[in-house]
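User: I would like a close look at a single part of this protein. Please walk me through it strand by strand, then show me what lies around it.

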Amino acid sequence: MSTYLADKAEDLSVEGASATFTYRRMGSPGGVPLVLVSGLRGTIDSWDPEFLDLLAADHDVILFDNVGIGYTPGEPRDSVEGFADGAIEFIEVLGLAQVDLVGWSMGGFVAQHVVLRRPDLVRRLVVAGSGPGRVPGAQPLPEKVQGIMAKPDAGADDMLYLFFPETEAGRAAGVEHLTKVSTRLAAGGPAVSETAAMRQREAIAKYMAVPFEQVRANLEAIKQPVLYANGVRDVIAPALASYVAVQHLDSATLVLYSDAGHAFLFQHVKAFTTEVANFLAG
C-alpha cells in the first residue's frame, strides 16, 4: 500500500467567534491557498489522500471541519448559507485575503454561497459532484440513495453504491479509494454526529427547494471563473444540474466523466487533479 504525505499532516486549530476550527494544511507555500469544502457526513479524514497529495504538489492546500462537524465543536448550522458563513469565518480567522475553493457534493453548495456572500474572498471556484440547486427536469433522489444517506452506519457496500458506478472498473476504483482513506479513519477520529448530519440534510432540503428563478439569479451573480465537474453515473448529483449551471455562469468550464459517479474525483484522481491545476493556473 502506498504511503501518502496527507496521512501525516498534523491537525491544527484556529480560534474563531463560533468555534475552534480544526484543519490541516499541506503542500507548496505561496500563491493563492486552495481551500477544500467537504460534503454530507464528510470530515477532514474523508478526503482521498492521493487526491490531496496531487493537489499539494503545486498548491497550498487547506482542508477544515466546519462548525459542529467532525473535529470542530459548536452548534452545526441547518442551512447552506449558515455553513457558508462558517467557511467564511474560518478563512478570515486564518488571515487569508483570497482563496481558491474546491467544494465536493454538499461542499459545492456551500462553496458557491461563499462566493455569493463574499466574492472578494474567492479567486476561482471548483464545483465537483454537486449542483446549483433545483434545476428544470431534475428528478427526486431514488429511495435507495435517500435511505443510505440517512443511515448513521453506512457500510462499505453502501459507500460503493453511492460513490462509484456498478461496473467492474467502478467497484475496483471504489475499493481502492476506501483502502486509501482507511488509514485516517482507522485512527478513530470523530465522525459527524447524527445531530450534525440531520442539520446537513435539512440544509440540503432547503437548498433544493429554492425556485429556479433564484437559482439562475445566483449563478448569474457569480463572476469568478468556475470549473464544474461530474460523473455521468452520479446517483446523488446528476450531471444534468452541472450542464444547466454552466449555461448561466459568466466564465465556466464543464468536465464530465462518462464511466464515473459521485466520487469521479477519486476514481480519476490524476486526470481530475490535472484539470484542477490547469484551471487554477488560468
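How many bridges join β1 to strand β2 (residues 20-27), and do these strands run parallel or antiparallel?

Analyst: Four bridges join β1 to β2, and the two strands run antiparallel. This is a predicted model, in which local features need pLDDT of at least 70 and side-chain atom pairs pLDDT 80 or more, while totals for chains, interfaces and linings use all residues. Residues count from 1 along each chain as its sequence is written, and side-chain values use heavy atoms, leaving out hydrogens and water.

Start with that first pairing. β1 and β2 form a hairpin, with four residues between them. One pair to find on screen is Ser13, which stands opposite Thr22 in β2. Strands pair here if DSSP finds at least two bridges between them.

Now step across to the next neighbour. β2 also pairs with strand β4 (residues 60-64). That pairing is antiparallel and spans five bridges. Look for Arg25: its bridge partner in β4 is Ile62.

The whole sheet comes next. It is an open sheet of eight strands. Read across, the order is β1-β2-β4-β3-β5-β6-β7-β8. The pairing is mixed. β1 (12-15) and β8 (252-257) stand at the edges. Each has a single partner strand, so one side of each is left without a neighbour in the sheet. From one strand to the next, the twist averages 25°.

Move towards the other end of the strand order. Strand β6 (residues 122-128) and strand β7 (residues 226-231) are joined by four bridges. These two strands run parallel. Within this pair, Val126 stands opposite Leu227 in β7.

A helix covers part of the sheet. Helix α11 (residues 269-281) packs on it and touches β3 (34-37), β5 (99-104), β6, β7 and β8. Contact means heavy atoms within 4.5 Å. The direction of α11 makes about 155° with that of β6. Angles run from 0 to 180 degrees between N-to-C directions, with axes fitted to C-alpha atoms, for helices over the stretch in contact.

How does this fit into the whole protein? The secondary structure comes to eleven helices and eight strands. Helices (H or I, at least four residues) and strands (E, at least two) are DSSP runs, numbered from the N terminus. The C-alpha trace spans about 45 × 45 × 40 Å along its principal axes.

Two helix pairs round off the tour. Helix α4 (residues 143-150) packs with helix α5 (residues 156-163) at an angle of about 130°. Their axes are 10 Å apart. α4 and α5 are therefore oblique to each other. (Under 35 degrees is roughly parallel, over 145 roughly antiparallel, 65 to 115 roughly perpendicular and the rest oblique.) On the α4 side, the contact is made by Lys144, Val145, Ile148 and Met149. On the α5 side, Asp158, Tyr161 and Leu162 make it.

α5 has a further packing partner, helix α6 (residues 168-185). The axes of α5 and α6 come within 10 Å and cross at roughly 125°. This pair is therefore oblique as well. Here α5 contributes Ala156, Asp157, Met159 and Leu160 to the contact. α6 contributes Arg171, Gly174, Val175 and Leu178.
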